[in-house]
Amino acid sequence: MRAALRSELLDRLYGRDDPAWDEWVAGLSAAERDELESLLDVYLRELDGRDADALAGLGRALGVHERARREIANGGYWDRTHALVWLALLRDAPDRDLLRTHCTETPRERAAAARILYAAETDDCATTGVDLLLRDEPESFSVFGVDTLYRVAERDPSPFFERAAADFARWPPALQRQALLVVRHLTTVVGDADLSWVVGSLSSPDPSVRSAAWRALGAYGWNRAVRDTVDLAAIAADPTPPVRASAYRALGTWGDAEAIAAIEAAGTADPDARARVTAAETLVSQRTSAEAVDPNDPPRADLGAGRTASANGRSVDETAAFDIAWAWAVEHARFDRLARDISRDRNRLHHEVRG
């Protein structure tokens, strides 16, 4: 049965100007209709463009569109979830009040409802999508939910940033981290959006949120207005080593003289060994060539010729501790460079021999 239905479906989809779905479906048995619906599910996940639009007509002939709406309005959790998946595959956005009323009980339903608007490319994808995802008292999402939030925000970042500016402080830390992850990947599409709440999250009582904020801000080195509001001198005062390490990485991404100076000021005197290594690795990556980096020439020498460790405000012990981190970072940078050179030569020789 499946083989025969597949053959007929493909013939109607690609071999005719008019697939005449309604006429075909009307002559099928209940078992054939069920099997054809399973085939439709498979092909809607694989095809796009005009082919997917044509298959949406088969969905209407099978009654999937209307059944999905009834299941959203009257079904239980799994009925609603199944219906939302179908509407996303069919790129068929239902009435928004139907989604708002029945599909915001769980993070999974919120994400599935917003995904329909994204798949259907509706004009209100960003506004209604963000509202469905983040209205009332939202919880943290699955990976699919975070991806959906990113996709609807990418269409138009304004609704997302406006909602975050108003509600971020009330969200649980897990959702705050996810919002900051979305910010991290939106980067240049944000325009003149309000990022003050991102900078403000550097003062969050939750260290994981502070780390996420630094990772997000690392992508905004181009935004001078945002950077001017970040207190670089406060990095050393943060009590959590992973947060300081995230700050060093963010400043390394910015990469200008001011950012590098801030890493040197805090990182070379960091009391935590792992954070010191992160600072050293970041500073090493700023050099033009790992082979040109002297393991006996850590950044303190760049702060002024002839200045001693104590003159730079660091004790001898602090200086020695960073020297160890610096030597470690240089060694790993050199090994990394060597491995890349070997891989490049191996590929070149392979192509020459096989060429």
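**Reading the labels on this model**

Q: Where is the place of F335?
A: F335 sits in helix α19 (residues 316-354); a helix here is a DSSP run of H or I with at least four residues, a strand a run of E with at least two, both numbered from the N terminus. This is a predicted model, where local features need pLDDT of at least 70 and side-chain atom pairs pLDDT 80 or more, while totals for chains, interfaces and linings use all residues. Residues are numbered from 1 along each chain as its sequence is written, and side-chain values use heavy atoms, without hydrogens and water.

Q: Why does F335 count as buried or exposed?
A: Buried means under 20% relative accessible area, exposed over 50%, and partly exposed in between (1.4 Å probe, protein chains only). F335 has 53% relative accessibility, so F335 counts as exposed.

Q: What is S38 called on that scale, and why?
A: S38 has a relative accessible area of 33%, which lies between the two limits, so S38 is partly exposed. S38 belongs to helix α3 (residues 30-46). The C-alpha atoms of S38 and R2 are 9.3 Å apart, although the two residues are 36 residues apart along the chain.

Q: How many helices and strands does the protein have?
A: The protein has 19 helices and zero strands.

Q: What percentage of the protein's residues count as buried?
A: Of its 355 residues, 45% count as buried.

Q: What percentage of contacts between residues at least 6 apart in sequence join residues at least 24 apart?
A: With contact meaning heavy atoms within 4.5 Å, the value for the protein is 66%.
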